[in-house]
Amino acid sequence: MKSYSILEINEVLKGEILGETNQNITAPEQLEVATNTEISFIGNMKYEKLWAASNACVAVVNEDISIEPGENRAFIKVKNADLAMSQVLELFASPMPAFEVAIHPTAVVNKTATIANGAKVGAGCYIGPNVAIGENTVIYPNVTILDDSTIGTNSIIWSGTVIRERSHIGNDCIIHPNATIGADGFGFRPCPERGLVKIPQIGNVIIGNNVEIGANTCVDRGKFSSTVLGDGCKIDNLVQIGHNSKLGRFCIMAGNSGLAGSVTLGNGVIIGGSASIKDHTTIGDGAIVGAGSGVTCDIPAGKTMLGYPAVEARDALKQWAILKRLVNDSKRK
């Protein structure tokens, strides 16, 4: 089991130690359930009240902390406790699942595929014609990568993922289990003689560098050209990204949210959980769409939108306040 002294942890965090403890630290944990051998975090002053009842021997805290650590307990004071938390978690993280051989004998790798040095392919994978996999990329068991697709260097593709033909994934990406990249977009047109006629989806998907895509998320390929996810985008589990949508850099989409076809997101857009975006809508740089909202028209850069249909946050809050007052008034009559 891994354990560290407070000095060893602070060598990584480079913070300021307040108080003292000689307790070896065996794991990170939430304040409420931590034991006296565990380290916790106070990233917001509203959680300071939990410290007295916590058994944690050490907490990583922000510089504005207003309480003292107490006897045989200590704080590591840093500029940003949330970011420091990620460093502590890395210290205690278990190693990734190991590969006995670089390419498992049960993997099916087409003779025209290119597997670069240091790449690994797990059991039961299928690597199709003309696929290129970059250096040190890890393909876990039971992944399917179809014809003419490419994956850059240092990426991780978890089990059950399907990457359809002609998809292109950049460097340092993580795709979690059972994601589907490059499936057909949802395109049908009514026809009196034939019912619903399927519109061929002949485009592809292009994913930039340092993108993370959650489990069971679907990124549909374009009807004509490409569905694009820019560098640094972070996509949660169970997200739908429709055909020909284009995401700028560093966009965030929380779980169960969805983009219809041909949606454009600027750089740094945040889409809250279960929010829905209408097709052919453009959302400007830095805009925020609150959880559960429904966007039906374009949103200028920097705006925060709430509600269904989504309106500016301050207007939505006023509407809800008025509605609540009307309901309360009706109850009193």
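**Cores, sheet and surface of a predicted model**

Colleague: Which residues touch the most other members of the largest nonpolar core?

Modeller: This is a predicted model, in which local features need pLDDT of at least 70 and side-chain atom pairs count only at pLDDT 80 or more, while totals for chains, interfaces and linings use all residues. Residues are numbered from 1 along each chain as its sequence is written, and side-chain values use heavy atoms, with hydrogens and water left out. A nonpolar core is a set of buried Ala, Val, Leu, Ile, Met, Phe, Trp, Tyr and Cys residues joined through side-chain atoms within 4.5 Å, where buried means under 20% relative accessible area, exposed over 50% and partly exposed in between (1.4 Å probe, protein chains only). Among the 46 residues of the largest such core, those with the most contacts to other members are Ile213 and Leu247.

Colleague: Which residues does Ile213 touch, not counting those up to four places away in sequence?

Modeller: Contact means heavy atoms within 4.5 Å. On that basis, the partners of Ile213, leaving aside residues up to four places away in sequence, are Ile174, Ile175, His176, Ala179, Ile181, Ile207, Val219, Leu229 and Ile235.

Colleague: What is the order of the strands in the open sheet of nine strands?

Modeller: Strands (E, at least two residues) are DSSP runs, numbered from the N terminus, and two strands pair if DSSP finds at least two bridges between them. S16 (residues 168-169) pairs with S21 (residues 204-207) in the parallel sense over two bridges, and His168 stands opposite Ile206 in S21. S21 in turn pairs in the parallel sense with S24 (residues 226-229) over four bridges, where Val205 has Thr227 as its bridge partner. The full order, with parallel pairing, is S7-S10-S13-S16-S21-S24-S27-S30-S33.

Colleague: Which strands stand at the edges of this sheet?

Modeller: An edge strand here has a single partner strand, so one side of it is left without a neighbour in the sheet. The two concerned are S7 (114-115) and S33 (282-283).

Colleague: Is Phe188 buried, partly exposed or exposed?

Modeller: Phe188 lies in strand S19 (residues 188-191). Its relative accessibility is 32%, so Phe188 counts as partly exposed.

Colleague: What percentage of the residues of the protein chain count as buried?

Modeller: The protein chain has three helices and 37 strands, a helix being a DSSP run of H or I with at least four residues. Its C-alpha atoms fill a box of roughly 80 × 75 × 30 Å along the principal axes. Of its 333 residues, the share that count as buried is 41%.
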